[in-house]
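Trainee: I would like to learn how to read a structure like this one, feature by feature. Could you walk me through it?

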Amino acid sequence: MIPLPLARIAEITSGALSGMADPRAVVRGPVVIDSRAVEPGSLFVAIKGARVDGHDYAAHAIRAGAVAVLATRPVEAPAVIVPDAAAALAELAAAQVRTLSNVTVIGVTGSAGKTSTKDLLARLTARVGATIAPQGSFNNELGHPLTVLRADLDTRFMVLELAARNIGHIKELTRIAPPQIGVVLNVGTAHLGVFGGKEAIAKAKGELVESLPRSGVAVLNADDPLVRGMATRTEARVTYFGRGESASIRAEGVVVDARGRASFTLRTPSGAARVSLQLYGEHAVENALAAAAAGYELGLPVATIAEELSEATARSRWRMEVTDRGDGVTVVNDAYNANPDSMKAAFSAFEVLGKGRRRFAVIAALRELGEDGPALNAELGRLAGGAGLAGLIVAGPDAEPVLAGAHAAAQASAPQAPTGPAQPPAGPAQVPPGAASGAPAYQGQPGHGQPVRIVHVPDAEAAAAQLAAWLRPGDAVLIKGPRAMGLERTAELVLGGATQ
Ligand SMILES: Nc1ncnc2c1ncn2[C@@H]1O[C@H](COP(=O)(O)OP(=O)(O)OP(=O)(O)O)[C@@H](O)[C@H]1O
Ligand SMILES: [Mg+2]
């Protein structure tokens, strides 16, 4: 950050110095909310969370070298006392951005792919100048200002991920760091429950392009009607990316290799170049095009863009991480998070990657979908049950709609199933002791003469135990569920497990 004396920090945040804080003491950063990340010169922001209260760590932070604590009540340490720590953090970040006149802020939003696109775009901007981008998914009211506060006088680009958990959120994030370029990926069904409909989600995401100045650029996905429709909501110039002719930055001749990695010709108004992605899943094309379009606006040559996109591997973890075990079992760890759209994307990538092999999947019921939850989860079950898997594991709570959908799809794709459609037979589940929670296993006869086994297990560990019983050399496994299920643990166990 740009160094600031405590007196100035108090002024910006409308705070009061306490605990013998020296108004002339200078904070040089980093600004942190985790006392373990404090360095000499830090400002420690005490956040009161559901489980931990940062105020309890104030003295520890000072001992570790923090200059002061930004707190909402007096602590036994030099502090700036404010009514609301998150709001104060936002003010501090906004003030810093105002002093950084050489920085171009680029905002990325959408229902799926923000982090992946941000990571690709940060590679491109780094070719031009010093770049700040959030680690992982730092995209909310705390992560966003904390990222912004990492900038200093050398910074040329900030590539920020903007998440909308409700109307007005993105507007607030753009107030903190006003973007010159706004990238909108897609409008899907993530957090549908909070918003109550796709149009409302589009309204929230469109706040990014509404914030752009006349001199800015809106980078919109031509293939998503709700995103294309945002063109009327901005004063900025609009440019489109996509697969069709109407997009000025587009992918032509997309082919996907046996591992599910896409190659295409990147076409721009000033030339074309071949891109071979190392990222898994065809949905990565959309993210690559979005990054390419923003990079193109910054004046990067097409050849450079193509080179960087082709070299990129996943920077943030648990997003389509593909690992081959010693015995040839391929594990696709997409456990970072899940929504209906990213589930579809993952299953279609998995179908390509696991072609000709026995395929298994571990999934969990999707959350935050409001009253559409049961229907969307049943749809997820149908997707998984009809995906030609050898075995499906549904982990965790609220699994009933998923299981029902999966059983229905499994039966539908099993024309010679020996039993009637109403009740799955209570055949032997082939589950190791303690793994399954008692739900019946269905053994139908879908294509390839292979039984689809569907089991319900309580958690990530039990899912791994079930996989251990099922997996044979050469099989492929997809692991994907909502963040709260922590299914990366399943992947960890399966990959750490003894090879058979
Ligand atoms: N363009 C896309 N379309 C559909 N699914 C995608 C796309 N890009 C990434 N995904 C999938 O969505 C999941 C999340 O990806 P990523 O972390 O990039 O998205 P995000 O928008 O940052 O998510 P979050 O809102 O959780 O921060 C991953 O499982 C990934 O495989
Ligand atoms: Mg993210």
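Mentor: Gladly! Let us begin with a term: a residue is called buried when its relative accessible area is under 20%, and exposed when that value is over 50%. Keep in mind that this is a predicted model. Now take strand 22, where Arg453, Val455 and Val457 on one side and Ile454 and His456 on the other are all buried, so both faces are covered.

Trainee: How many residues of strand 22 are buried, and what follows from that?

Mentor: The count is 5 of the 5 residues in strand 22 (residues 453-457), so the strand is largely enclosed by the rest of the structure.

Trainee: Which strand is joined to strand 22, and in what sense do the two run?

Mentor: The general idea is that strands of a sheet pair through backbone hydrogen bonds, either parallel or antiparallel. Here, strand 20 (residues 391-395) runs parallel to strand 22, and 5 bridges join them. Within that pairing, His456 of strand 22 has Val394 opposite.

Trainee: What order do the strands take in the open sheet of 9 strands?

Mentor: The order is 9-10-8-11-12-13-14-15-16, with mixed pairing. At the edges are strand 9 (131-132) and strand 16 (271-280), each of which pairs on one side only. Inside that order, strand 8 (residues 104-109) and strand 10 (residues 157-161) are parallel partners over 5 bridges. Val108 has Glu161 in strand 10 as its bridge partner.

Trainee: Is Leu160 in strand 10 buried or exposed?

Mentor: Leu160 belongs to strand 10. Its relative accessible area is 1%, so Leu160 counts as buried. Look also at Ile106: its C-alpha atom is 6.1 Å from that of Leu160, although the two residues are 54 apart along the chain.

Trainee: Which strands stand at the edges of the open sheet of 5 strands, and why is one side of each left without a neighbour?

Mentor: This sheet has the order 2-7-6-5-4, and its pairing is mixed. Strand 2 (16-18) and strand 4 (31-32) are at the edges; each has a single partner strand, so one side of each has no neighbour in the sheet. Further in, strand 5 (residues 43-45) pairs with strand 6 (residues 68-71) in the parallel sense, over 3 bridges. There, Phe44 faces Val69 of strand 6.

Trainee: Where should I look for an antiparallel case?

Mentor: Try strand 17 (residues 321-324) and strand 18 (residues 330-333), which run antiparallel and are joined by 4 bridges. Glu321 has Asn333 of strand 18 opposite. The two strands form a hairpin with 5 residues between them, where Gly328 has a positive phi near 85°.

Trainee: Which residues other than glycine have a positive phi, and where are they?

Mentor: As background, most residues other than glycine have a negative phi, and most peptide bonds are trans. Two cases to inspect are Met20, with phi near 60°, and Asp398, with phi near 55°. Met20 sits in the loop between strand 2 and strand 3, and its relative accessible area of 81% makes this residue exposed. Asp398 sits in the loop between strand 20 and helix 15 (400-412); at 57% relative accessible area, Asp398 is exposed.

Trainee: What joins Gly29 and Pro30?

Mentor: A cis peptide bond, with omega about -5°. Pro30 is part of the loop between strand 3 (26-27) and strand 4.

Trainee: How do I read helix 13, and what caps its N-terminal end?

Mentor: Start with its span: the 14 residues of helix 13 (residues 340-353) reach 20 Å from the first C-alpha to the last, close to the 20 Å expected at 1.5 Å a residue. The N-terminal cap is Asn339, with a side-chain oxygen 2.9 Å from the backbone nitrogen of Asp341. Among the buried residues of helix 13 are Met343, Phe347, Phe350 and Leu353.

Trainee: Finally, how much space lies in the second largest pocket, and which residues line it?

Mentor: In general, rolling a probe the size of a water molecule over the atoms shows where empty space is left. The second largest pocket holds about 380 Å³ of space. Its lining includes Ile33, Asp34, Arg36, Phe44, Arg51 and Tyr57. By class, that lining has 6 nonpolar, 3 polar and 3 charged residues. You may recognise Phe44, the residue opposite Val69 in strand 6.

Definitions and conventions:
Residues are numbered from 1 along each chain as its sequence is written. Chains are lettered from A and ligands numbered from 1 in the order in which they are written. This is a predicted model: local features need pLDDT of at least 70, side-chain atom pairs count only at pLDDT 80 or more; totals for chains, interfaces and linings use all residues. Side-chain values use heavy atoms; hydrogens and water are left out. On a 1 Å grid over the protein atoms alone, a cavity is a set of points where a 1.4 Å probe fits but cannot get out, and a pocket is an open set with protein on both sides within 12 Å along at least five of seven lines; lining residues have an atom within 4 Å of a point. Grid points are joined across faces, edges and corners, and a volume is the space filled by probe spheres set on the points. Ala, Val, Leu, Ile, Met, Phe, Trp, Tyr, Cys and Pro count as nonpolar, Asp, Glu, Lys and Arg as charged, and the others, Gly among them, as polar. The expected span of a helix is 1.5 Å times one less than its number of residues. Buried means under 20% relative accessible area, exposed over 50%, partly exposed in between (1.4 Å probe, protein chains only). A polar contact is a pair of N or O atoms within 3.5 Å; within protein, one must be able to donate a hydrogen and the other to accept it, and residues adjacent in sequence count only if both atoms are side-chain atoms. Two strands pair if DSSP finds at least two bridges between them.
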